[in-house]
Each structure stands twice: as C-alpha cells, then as structure tokens.
Amino acid sequence: MSIPTLDASGKVVVVTGGSKGLGRAMALGFAEAGADVVVASRKLERCEAVADEIRGMGRRALAVSCHVGDWDQCAALVDASVAAFGRIDVLLNNAGIAPVPPSLIGVTGDLFDKTIAVNLKGPLRLTALAAEHMAAGGSIINVSSKASLHPTPFTVVYAAAKAGLNALTKAAAQEYGPRGIRVNAIVCGTFHTDSLHASIPTEGLQVQMASNISLGRIASADEIVGTALFLASDASSYLTGELVVLDGG
Ligand SMILES: NC(=O)c1ccc[n+]([C@@H]2O[C@H](COP(=O)([O-])OP(=O)(O)OC[C@H]3O[C@@H](n4cnc5c(N)ncnc54)[C@H](OP(=O)(O)O)[C@@H]3O)[C@@H](O)[C@H]2O)c1
C-alpha cells in the first residue's frame, strides 16, 4: 500500500470567496499543492489578483465574478469552470457573511434573506451543479462555523444558515456517496481575517477570545489549508458526511 499524500497535482478546484481571507489562503494553498484553481467572489478585480498570484506559481487559474446567492450566477460559475478546465474535482463552498442583528426583533427580512442566500442557498446550488461534473474521487468541502453548534442571539441567522450547511453536508454525502464523491464540512473556530476583525475589532477583545481557546490563540488564515487539502485528498478517502471541527480546542 502506498501512503496517501496531500498532493493536488492536476486537480481542478473551485473556491468561492477566494478573493481574500480563508478562501484566498485555500486557493493559494491548493495551487502550491499542484492544483489549477477557479477563484470566485463578487469583486472580479480581487479574484484576478489572486488568480495572477496562482499563475505566478506556474498553475492555471480563472477568476470569475459570482454572487453565490444568485441561482443563475452559480450556474454561470460552474459553466465557466468546466469550459476552462473540462471538469471539477474539488468544490470549496467558502463564501460567507455574518451580519450581526441587534436582537431577534431586529432581524430584517433583508438581513435574513442575504445571510441564508450566501451561506446556504449558494452552497446547495453549487454542490448540485458541480457534482454533475465530478468523477469518483471528487470532494466537496463546506466551510461552516462553530456558531452552528453554539448559536447565540447575535449570531442567530448566521448560525442557523451554517447549521443548514451542516445538514446539507450530511444529505449530499448520502446522495453522492454511491458515485464516490465525498462531502464534508470544516467547522471553523476563530481565524484572523477581515470578517473577524470587523466583528471583533480590538486587540483586547481578541486576547479575551483567545483565552477561551485551548491553544491560546486565534488561528492564522492559512491554518485552514492543511485540513482542506486532507479532505480533498485520498488521505481522507473513507471520510464523508463529517463535520471536522477546526477550532484550536
Ligand atoms: N474568520 C473566521 O473566524 C471564521 C469563523 C467561522 C467561519 N468562517 C467562515 O469562513 C468563510 C470565509 O470567511 P472569511 O473570514 O475568510 O471572510 P472574509 O475575509 O470576509 O472573506 C469573505 C469572502 O467571501 C466573498 N463573498 C462575500 N459575499 C459573497 C457573495 N455573495 N458571493 C460570493 N462571494 C462572496 C468575499 O468576496 P467579495 O466581497 O468579492 O464577494 C470574500 O472573498 C465564511 O464562510 C465564514 O462564515 C470564518
């Protein structure tokens, strides 16, 4: 038996929210591991910048503007990916937003709809569409949140959306398992990204948050890469429908 590696050479990887934060870290990480990468988010210019970095590493890259909450734009993203690279091996449903309502009564219809659209509706549609172009060995990785397991009043809509993403993970794993396509979620704790710094802006608050983590620190964005590569590789060939908690303990 040969020991499986995290090598992603020759794989075609689609990353939503790939322009910054955890998505950018995974886009660059998969390219470093040998993959060709489709970088998608709403702002094309930022996706192009990441795609240029990937091309600079000698890999192929495509930048696509896509609002994942829009049914038709999800289809356009999958079509563009397949037109450029012929198939999809890995889908990283990473794009997400976490607006904070003041209270339950303060949840507007707009906040509710946008939060569900980006965190749940888009991943569901992209999973369905991408799976059509995946062969056995394909991997779908959903980026979820600890909030889905430990909701609070301030994260109520986001937590519900990510809990839905966890449910999607398990349902899709059952649907695609017979075809050899695996579906898992990375349930993230706290990572240094723009969205974290917007919700926890001061160093004092970040230190306080880190004190509740076993490893005593907030993760850097690139610390998601190893887990994502593992879930995309044969090293996790018997792992599906699983919620992998990545939170520093
Ligand atoms: N950072 C953390 O501590 C943490 C913790 C738990 C879970 N997560 C999850 O990790 C994922 C990435 O978070 P992050 O911290 O890296 O966030 P981030 O730095 O704010 O980046 C978010 C990314 O998503 C894209 N995006 C936002 N709305 C979009 C839409 N409607 N359609 C397509 N792309 C969209 C953004 O690009 P555009 O603006 O160009 O669209 C950007 O590339 C999210 O799902 C988040 O819920 C993060």
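**Ligand shell, parallel strands and nonpolar core**

The residues of the shell around the ligand comprise 11 nonpolar, 14 polar and five charged residues. The model described here is a predicted one. Of the 30 residues around the ligand, those that come nearest are Gly 17, Gly 21, Arg 42, Gly 96 and Thr 193. At least two residues of this shell are supplied by each of three elements, namely helix H1 (21–32), strand S5 (139–145) and helix H6 (194–199).

The strands are considered next, beginning with S1. Strand S1 spans residues 12–16, and five of its five residues are buried, so that the strand is mostly covered. Val 12, Val 14 and Thr 16 point one way from S1, whereas Val 13 and Val 15 point the other way. This arrangement follows a general pattern: in a regular strand the side chains alternate between the two faces of the sheet. In S1 the residues on both sides are buried.

Strand S1 is joined to strand S2 (residues 36–41) by five bridges, and the two strands run parallel. Within this pairing, the bridge partner of Val 14 is Val 38 in S2. The chain passes from S1 through H1 to S2, and this β-α-β crossover is right-handed. Helix H1 therefore has two roles in this description, as it is both a connection between S1 and S2 and a contributor to the shell around the ligand.

Strand S1 also pairs with S4, again in the parallel sense, over three bridges. Here Val 15 stands opposite Leu 92 in S4. Strand S4 itself covers residues 90–93, and both of its faces are covered. Val 90 and Leu 92 lie on one side of S4 and Leu 91 and Asn 93 on the other, and all four are buried.

Strand S4 pairs in turn with S5, in the parallel sense, over four bridges. Two of the residue pairs can be named: Val 90 has Ser 139 of S5 as its bridge partner, and Asn 93 has Asn 142 of S5. Between the two strands the chain crosses from S4 through helix H4 (residues 109–131) to S5, in a β-α-β crossover that is right-handed.

Strand S5 is largely enclosed by the rest of the structure, because seven of its seven residues are buried. Ser 139, Ile 141, Val 143 and Ser 145 point one way from this strand, and Ile 140, Asn 142 and Ser 144 point the other way. Strand S5 pairs with strand S6 (residues 182–188) in the parallel sense over seven bridges. One of the pairs places Val 143 with its bridge partner Ile 186 in S6. The route from S5 to S6 leads through H5, and this β-α-β crossover is right-handed.

The largest nonpolar core has 71 residues, and those with the most contacts inside it are Val 15, Ala 27, Phe 30, Val 37 and Val 39. Helix H5 (residues 156–176) provides the largest share of this core, with eight residues. The surroundings of Val 15 illustrate how parts of the chain meet. Not counting residues up to four places away in sequence, Val 15 touches Gly 23, Met 26, Ala 27, Val 37, Val 38, Val 39, Ala 40, Leu 92 and Asn 94. Among these contacts is Leu 92, the residue that stands opposite Val 15 in S4.

Two individual residues show contrasting environments. Thr 169 is found in helix H5 and counts as buried because it has 25 C-beta neighbours inside 10 Å, where 20 or more are required. Beyond residues up to four places away in sequence, Thr 169 touches Asn 142, Val 183, Asn 184, Ala 185, Gly 241 and Leu 243. The C-alpha atoms of Thr 169 and Gly 241 are separated by 5.7 Å, although the two residues are 72 residues apart along the chain. Gly 10, by contrast, is placed in the segment before S1. Gly 10 counts as exposed because it has 9 C-beta neighbours inside 10 Å, and the limit for this class is 12 or fewer. The C-alpha atoms of Gly 10 and Ala 235, 225 residues apart along the chain, are separated by 17 Å.

How values were computed
Residues numbered from 1 in each chain as written. Predicted model: local features only at pLDDT ≥ 70, side-chain atom pairs only at ≥ 80, totals over all residues. Core = buried A, V, L, I, M, F, W, Y, C linked by C-beta atoms within 7 Å. Contact = placed C-beta atoms within 7 Å. Near = placed C-beta within 6 Å. Nonpolar A, V, L, I, M, F, W, Y, C, P; charged D, E, K, R; others polar. Pairing = 2+ DSSP bridges. Right-handed = clockwise from strand over helix to strand, strands pointing away.
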